[in-house]
Amino acid sequence: MTEIWAGIDAGKTHHHCVVIDDTGKRLLSRRVANEETELLRLLGDVLDLGEVSAWGIDLADGGAGLAIALLLNHCQHLLYIPGRAVNRASEGYRGDGKTDAKDAAIIADQTRVRRDLMPLRSDDELVTQLKVLTGRRRDLSDDRTRAVNRLRGHLTGIFPGLERELDLGNVGPLVLLTGYQTPAAIRRAGVKRLTTWLRNRKVRAADQLAAAAVRAAEGQYTAVPGETVTAQVVHSLAREVTALNEKITETDKLIEGRFRQHRHAEVITSLPGIGPLLGAEFIVATGGDMNAFDSADRLAGFAGVAPAARDSGKISGNLHRPKRYSRRLQRVFYTSALISIRCCDESRRFYDRKRAEGKRHVQAVMALARRRVNVLWALLRDGRCYNPIPPVTLAA
């Protein structure tokens, strides 16, 4: 049979598919709805044209989820080519216009000629659940950050002294703002009454928080125009942030429960600095399968903690941060390295040694993150937990 390649320019409601042969000639170009019936009909028509060597697609999730699932369920070899790569490759093809058909043809041709594209595999149910939950948590965290910033902005507009006193990352200040938002209201309440009010709502260090709020109120006797309405907005935003904190806590429990069910959970969390949340992010970023990374160097390159060479002509040894890497996975290793400096003596000694060599803080942390990639990859390869004292191999 004729060897062919198929490229899909994925969209939310429709996809465009182009099929080419080994000479680059188009054998099929079709726009299909993002529906199971239409996609199955397309799959049958493409298979009738010849033996498909590979399918290429420019999305790995979202609107392309149904198409990816159908292709993988029918044992098709599916490769992922990022949209940025398609955009850059388009400069080497004839014509300045951009259409879905042209993008699909470029994807098909790149699938035919490139050997470095990442294959898409069907994740197991547990990894998919963690992907959904970690994505949900990231959205909630972003919403909380925006709400806290808006809360700070409104509170600064009417009561800047209190905004400076409060740490809105804690529960107590949020509880305070649900009941008291203006200097006059806090002065009328006084320290004793305010302390009792906070204690009834189970706020820790209620006396200290009440004293700080009254102290800030004693420093402002001027009522700002629009204070009443702004105080209502502050009250609403404080309740919104509190609700988001509760949702994040619930999501964290769901993530931890599912993460603990993964076969690598114990090994991953044995490395100092990695808990259930970062461990879940690691599994989501890597698919939980180290077979995709034949060496620690490849995992480090994917995580963006290994420098990339940019040599040209007489210039050599020119190393820079890579442009193509998983930012989610880099965050896992960088954040866990920061945490391990505080809780792991070996990590602290390595960090101090790099600082003594003249490296800046970020450089030293990145070097530690790179070292931790080697350790975690070896632990997962061997299926053993982290031990600061490596096992001794006895001679035969």
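**Loop residues, helix packing and cysteines**

Good morning. I begin with Lys 202, which counts as exposed because its relative accessibility is 78%, above the 50% cut-off. I should say at once that the model is predicted, and that what follows is read from that model.

Where does Lys 202 sit? Its place is the loop that links helix H8, residues 183–200, to helix H9, residues 206–218. The backbone there deserves attention: Lys 202 is not a glycine, yet its phi is positive, at about 60 degrees. Ala 205 belongs to the loop between H8 and H9 as well. For Ala 205, again a non-glycine residue, phi is positive at about 50 degrees. Is Ala 205 buried, partly exposed or exposed? With a relative accessibility of 42%, Ala 205 counts as partly exposed, because that value lies between the 20% and 50% limits.

From that loop I turn back to H8 and its packing. Two packed helices are described by the angle between their axes and the distance between the axes. For helix H7, residues 171–179, and H8, the axes come within 10 Å and cross at roughly 115 degrees. H7 is therefore roughly perpendicular to H8. The crossing of these two helices is right-handed. Which residues make the contact? From H7 they are Val 175, Leu 176, Thr 178 and Gly 179, and from H8 they are Leu 194, Trp 197 and Leu 198. By class, this contact of H7 with H8 has five nonpolar residues, two polar ones and no charged ones.

H7 has a further partner in helix H10, residues 227–259. H7 and H10 pack at an angle of about 145 degrees, with 8 Å between their axes. This crossing is left-handed, whereas that of H7 and H8 is right-handed. H7 contributes Leu 174, Leu 177 and Thr 178 to the contact with H10. H10 contributes Val 234, His 235, Ala 238, Arg 239, Val 241, Thr 242 and Asn 245. The residues of the contact of H7 with H10 divide into five nonpolar, four polar and one charged. Thr 178 takes part in the contact with H8 and in the contact with H10.

Within H10, I would single out Ala 238. Ala 238 counts as buried because its relative accessible area is 0%. What does Ala 238 touch, residues up to four places away in sequence being left out? Its contacts are Leu 151, Leu 174, Leu 177 and Thr 178. The C-alpha atoms of Ala 238 and Pro 173 are separated by 8.8 Å, although the two residues are 65 apart along the chain.

For another pair of residues, consider Leu 277 in helix H12, residues 276–286. Its C-alpha atom is separated by 31 Å from that of Glu 163, 114 residues away along the chain. Leu 277 counts as partly exposed, because its relative accessibility is 31%. Outside its neighbours within four places in sequence, Leu 277 is in contact with Arg 137, Asp 252 and Ile 255.

Next, helix H2, residues 65–73, in which Ala 67, Ile 68, Leu 70, Leu 71 and Leu 72 are buried. Against which elements do these buried residues pack? They pack against strands E1 (3–9), E2 (14–21), E4 (51–57) and E5 (78–80), together with helix H1 (36–49). Just after H2, Cys 75 takes a positive phi of about 60 degrees.

The last helix pair is H15, residues 345–356, with H16, residues 361–382. Their axes come within 9 Å and cross at roughly 135 degrees, and H15 and H16 are therefore oblique to each other. The crossing is right-handed. On the H15 side the contact involves Ser 347, Phe 350, Tyr 351, Lys 354 and Arg 355. On the H16 side stand His 361, Ala 364, Val 365, Ala 367, Leu 368, Arg 371 and Arg 372. This contact of H15 with H16 has six nonpolar, two polar and four charged residues.

I close with the cysteines. How many disulfides does the structure hold? It holds zero. Cys 344 is in no disulfide, and the nearest cysteine sulfur, that of Cys 343, is 6.2 Å away; the cut-off for a disulfide is 2.5 Å. Cys 385 is likewise in no disulfide, the nearest cysteine sulfur being that of Cys 344, at 15 Å. Cys 344 counts as buried, because its relative accessibility is 7%. Cys 385 counts as partly exposed, at 33%.

How values were computed. Residues are numbered from 1 along each chain as its sequence is written. This is a predicted model: local features need pLDDT of at least 70, side-chain atom pairs count only at pLDDT 80 or more; totals for chains, interfaces and linings use all residues. Side-chain values use heavy atoms; hydrogens and water are left out. Helices (H or I, at least four residues) and strands (E, at least two) are DSSP runs, numbered from the N terminus. Buried means under 20% relative accessible area, exposed over 50%, partly exposed in between (1.4 Å probe, protein chains only). Contact means heavy atoms within 4.5 Å. Axes are lines fitted to C-alpha atoms, for helices over the stretch in contact, and angles run from 0 to 180 degrees between N-to-C directions. Angles under 35 degrees count as roughly parallel, over 145 as roughly antiparallel, 65 to 115 as roughly perpendicular and the rest as oblique. A crossing is left-handed if the near helix is turned anticlockwise from the far one by less than a right angle, and right-handed if clockwise. Ala, Val, Leu, Ile, Met, Phe, Trp, Tyr, Cys and Pro count as nonpolar, Asp, Glu, Lys and Arg as charged, and the others, Gly among them, as polar.
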